[in-house]
Structure formats: structure tokens, C-alpha cells
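Visitor: I have a chain on the screen and would like to go through it with you step by step. Could you take my questions in turn?

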Amino acid sequence: MQPDVVLALAQTLLQDQKTVEEGERLIRELIGKHADASLAYDLLYQRYGATNRPAEAEAILMAKVAANPLKAQFVTELAEHYRRLGKTQQVTTTLAMLLDNPKKFPQARLQVGDYYNRAGNQEKALAYYQEGARAGGADKLVYRQRLVITMAARGRADEALAIAEETLKDQPHDPELRTLHALLMTQLRKLEGAIQEWQGLVKEKSDDPILRFHLGRTMVLNGRLEAGRAELREAARLRANYLEPRMAITGLALESGQFQAALQGAEEVLAISPDHADALLLRVGALQGLGRYAEARAVLTSLKTRFPNTPGLDVESGFISLHENKLAEAESVFRKRYQPGQENLRPLVGLVQTLAAEKRHADAQHVLEAELAKVPNRPAVQYLLANGYAASGNLEKAKQVFEQLAAAHPELALPQVRLGELQFRQGEVERGLATLENASKLAPQSIEPLMLLGLLQEQAQHFENAKQTYRAALKLDAGNVEALNNLAFLTAETGGNLEEALKLATEASRKVPNQPNVADTMGYVYLKMKKREPALQVFRNLAWKYPSNPTFRYHHGLALLEIGDKGGAKTEFEAALADKPSAPVAAKIKEALGQSR
């Protein structure tokens, strides 16, 4: 019988206790006839190991080595057998079979170094690689490559980079060495040089998705977001099932607050790999960003059960603690997981948000400034810092950072949203509105810039523009309560179609039936439609439940004035003024007060 047929038969016999001995006999006979049948030795070795027969296991490996005297792999297998048994001296003696026979094994140092690397003894591996590199010869490049990889794994990236750069002088075109060089420069945050190396590699092999992924990732780390995203998208296009670039794009969306895009990205990865733990974790972060905490908790609980060792689980739990106002618990988690300069910004974001919730703005700013000192030009970190300045009242410094961000990254919407708001608040009304309009164009699928723009347009009394903005928001999210409510009120206030205003207000009220501002809008629409009794009933209830709200008292006064109760209206107007309303509302109240006398 052919050896492969004998092996298949022997494997079958070994599975049945009644025929085990026959199976072993067949394998021994096969080895006697075919000394190079390595799979036969392996089957017997596994059998002896499973049945606790170490002497026979050792003997079969020694026979394998003796029958195949030029196979270095079989020698290292015997050495590994001794290592598992704790027989250190025998390991050394066995490996000497390679090292003491350079003619038979010219790559002995490489093979022994690789053996120690696999065994977890990287320092010994380095020693053999260094010997091989010093000896020179045809394999010098291979030894140096091994030195670079192993030193990097040992946390000696600076030494690894020095060896890589020295070797590149002799082998400037070696693609594997150049890849190692680029990886090390990325690791050491020498990003401009890394980008140049990656670009050179991509130019030579433009259809390699892995090279494009690393180029994109490095560009993102260097703050070149759009160029980086483009490379990541191309990597994903080149290989549809290559998940790393998709994960990176999704992580970027999460970092920049584009939570809907992050959720979509996570679900695209999960459609390809349903049990991808890191994608599920990104989904948790996106759901939390969207305020869907119940769903986030459910996914997180499932993750802890199914994949309890997934890195980052405690970080997302920290965000849940932050939401539940368990600030000390959240801070402890984020501090434990945050390392300055790390690629994943989630722990940093959580720590900064927690410090802000604790009103420790100076501490948050110190953390962010130290982060940027270590890794400059990270837009997400600069954005956090600018927000921190704004929260602590340092509006000029906040505006300065937002302006720098907007100039360096004109493609990013969020910095322009915050910049536009600051410009508006500081009296640059038209400039602020123009900045917000541009931000809404940069993020055409995001409702947040439109909602802020509409609100500020209202405050600037650009009512028609505000109505158009709210209509645009409702095209993105037809059920958005704030947009429905604000458009209903503005339509009624500016003499628009009252039936449309009533329809909008009714839809908003249906979604949140007990929300006082929505009820106020409904009452105001009734008032404009001359439906005095329902209007009066709404405003009477609101004024009774919220006696310190000047707008509700003012509208109640208008309803009383409408039915001829000037005395009651005057009382409501005066109470509304006493509660210090905003200047525009105060002006309206004073005008109405004149009509009540």
C-alpha cells in the first residue's frame, strides 16, 4: 500500500481502543520501509504523548532525526520535547547538533534563534541572530531582519530602527526591510519619514491593501485625515474581506463624534464577521454616542459573557459609569487604560469627559496639552482641548484652536460647528452663521449642524432662513421633535400656514406628550388660530406647573388678553418680567404689557 493510504488506515485504527495496537504496528512498519515519512513519526509521537509514554516519545523523535540527518526542523522538534520536560541540558546538547555542524547546517544560528523565539526566549534568540549578523555571509540580511523584528517585540524599538537604517544602506530596495523600517518609524511616531517610506512602497505595489492600510493609518496619526481616509477606503476596496481598514474608518468616525457613521461602519464589519469582538465594541461606543444606552448595555453585557478577554471592555463600561454619574469609578477605569501617545483615543476621551463632569477643567486641559506635546497634530485631541478651553470660559483660546483646526482640516465639520457657535456668541453674528452653513455642507447627513444653525438663525431673527434650515433637518430625520417643534412655532410666529404649524406641533406632541416646550408651541398655534379656550387651557396649566418660566407666563398673558382679561394678563406679564427673560422676549412682554393697561 502507498504510505498515505497506510497512514489514513492507521489513523482510523488509533481512534478505536480495540485496534490501537494494530494502528501503532502499521506505523512502525511504514517507518521501517520509508524512513523519510515524517507524518508517521508525528502520529506515533502524538500517540505516545497522549498515553504518557515519554521514553517512547523521545525515542521516536531521535529516530526521526537519525533517519533524516539534514532536516534541521526535526532537531528543533527534539529540543522542544526536552524543553517541555524541563530538561535544559538536553535542549542545549540537541541544538549543538546544528551549531557544531556548519557545513551540514549553514543557517544553524538562524534556526536556533528562531527556535528560541518560538519558545519565548527572545534574549537568547537575539544572541544567535547577532552572532549570525556579525559572521556576515549570504544570510546577513535575514539575520538583521530577525534582529529588527525581535528587538521591536522586546520593546527596543530605537535599537531596532538603528539596525534597520544601517542595513538599508546596503539593501536600500529590499521590500521586507523597508516595511519593517516604516513600521518602526510609525511606532516611534517619526511619522513624516514613515509616510514617505509607505508611499514609496505603495507606489511600487499599488494593489497591495496591507501597504495602503498602513499608509492610511500613519497619515491619520499624523493628522492628515482626509488623505488617510482615502487610503483606508482604497485598502478596503482592494480586499472586501480585509477588516482592518474598515475598523480604522469606523474608529475615526467614533473619535470625531460621527456616531451614526460609526454605527453603520461597525454593522458593515459585523455583516462580514458577526462575532468580531472589536467591531461589537465599536458598536457599543457608537450606540452610547447616539444616547442609546439601553442597547449599548445589552451589547456590552453579551460581549462580557462571550468574549470576556476583549481589550477595551472596561473602557466602554467606564462610559456607562460616566453616563450614570459614577464619576470616581469612571475616572479610575480611564486612568488605568490611558497611556500618553496611544493610538486608541477612547480612554483619553473618557478621562477628559469625566474630569469635565467633575468641574476639573484645568486637569483636563493639562492631560490634553501633554498628549499633544507627545503626539502633535491629532485633530481629535485638538478638538477636545478647544472644547475644554470653552468649558472653562477661555473663549478666545478656544476660538484660536478651533480656527487653527478649521484651517488645517477644512474637511472636518465638528470644529467648524463649534467655531461658528463661538463666533456667533462673541458678536460675529453673520460670520458665525456662515461658518455653520459651511459645516452643514461638510456633514450633509448630520442633523446636529442644522439644528444649531436653525437655533442661531432664530436668535438673529433670520426667521425665514431658520424655517428653511429646520425643513432641511426634517428631511434627514422626519421625527426629530426639536425640529418639528421649532418649525411649528416659527411658522405660527411669522404668519405662516397655521394648518401646517398645527400638524407639526401635533406630531411633536404625539412623540413627547408631556414635554412642556412642545405643549407651549401647541398652545401658541391654537392662539394664532383664535382657538382661545384650548390655548388658555394649555397656558394655564403650564403657568401653574412652571411659575418661574417667563415664556410660559408671557403666553398665558397673551391668551388672557385675547379673551379680554387685561388685569389677569397684566399680572402674568409683570410676573414674566420679574423672572428676567432674554432681551428679545422681554421686549415682547413690555409691548404686550402696554396693551393690557
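Visitor: How many Å² does the accessible surface of the protein chain come to?

Guide: This is a predicted model, and what follows is computed from its atoms. Carbon and sulfur atoms account for 51% of the accessible surface of the protein chain. The total for that surface comes to about 29700 Å².

Visitor: Which kinds of secondary structure, helices or strands, are in the protein chain, and how many of each?

Guide: The count for strands in the protein chain is zero. What the protein chain does contain, in terms of these two kinds, is 35 helices.

Visitor: Is the protein chain a compact globule or more spread out, and what is its radius of gyration?

Guide: For 597 residues the globule rule gives 25 Å, and the protein chain lies well over that value, so it is more spread out than a compact globule. Along its principal axes, the C-alpha trace spans about 120 × 60 × 45 Å. The radius of gyration itself is 35 Å.

Visitor: Which residues touch the most other members of the largest nonpolar core?

Guide: Buried residues make up 47% of the 597 residues in the protein chain, and the largest nonpolar core has 65 residues. A second, separate core has 42 residues, including L484 and F573. In the largest core, the residues that touch the most other members are I27 and Y116.

Visitor: Is I27 buried or exposed, and which residues is it in contact with beyond its neighbours within four places in sequence?

Guide: I27 lies in helix α2, which runs over residues 20-33. Buried means under 20% relative accessible area, and I27 has a value of 1%, so I27 is buried. Leaving aside neighbours within four places in sequence, the residues in contact with I27 are A10, L14, A40, L43 and L44.

Visitor: What distance separates the C-alpha atoms of I27 and T571?

Guide: Along the chain, I27 and T571 are 544 residues apart. In space, the separation between their C-alpha atoms is 105 Å.

Visitor: Where is H555 found, and which residues is it in contact with, leaving aside its neighbours within four places in sequence?

Guide: H555 is found in helix α33, residues 550-562. With a relative accessible area of 3%, H555 is buried. One of its contacts, F539, is also included in the second, separate core. With neighbours within four places in sequence left aside, the full set of residues in contact with H555 is F489, D520, Y524 and F539.

Terms used
Residues are numbered from 1 along each chain as its sequence is written. This is a predicted model: local features need pLDDT of at least 70, side-chain atom pairs count only at pLDDT 80 or more; totals for chains, interfaces and linings use all residues. Side-chain values use heavy atoms; hydrogens and water are left out. The radius of gyration is taken over C-alpha atoms; the globule rule is 2.2 Å times the number of residues to the power 0.38. Buried means under 20% relative accessible area, exposed over 50%, partly exposed in between (1.4 Å probe, protein chains only). Accessible areas come from the Shrake-Rupley method with a 1.4 Å probe; for residues, only the protein chains shown count as cover. A nonpolar core is a set of buried Ala, Val, Leu, Ile, Met, Phe, Trp, Tyr and Cys residues joined through side-chain atoms within 4.5 Å. Contact means heavy atoms within 4.5 Å.
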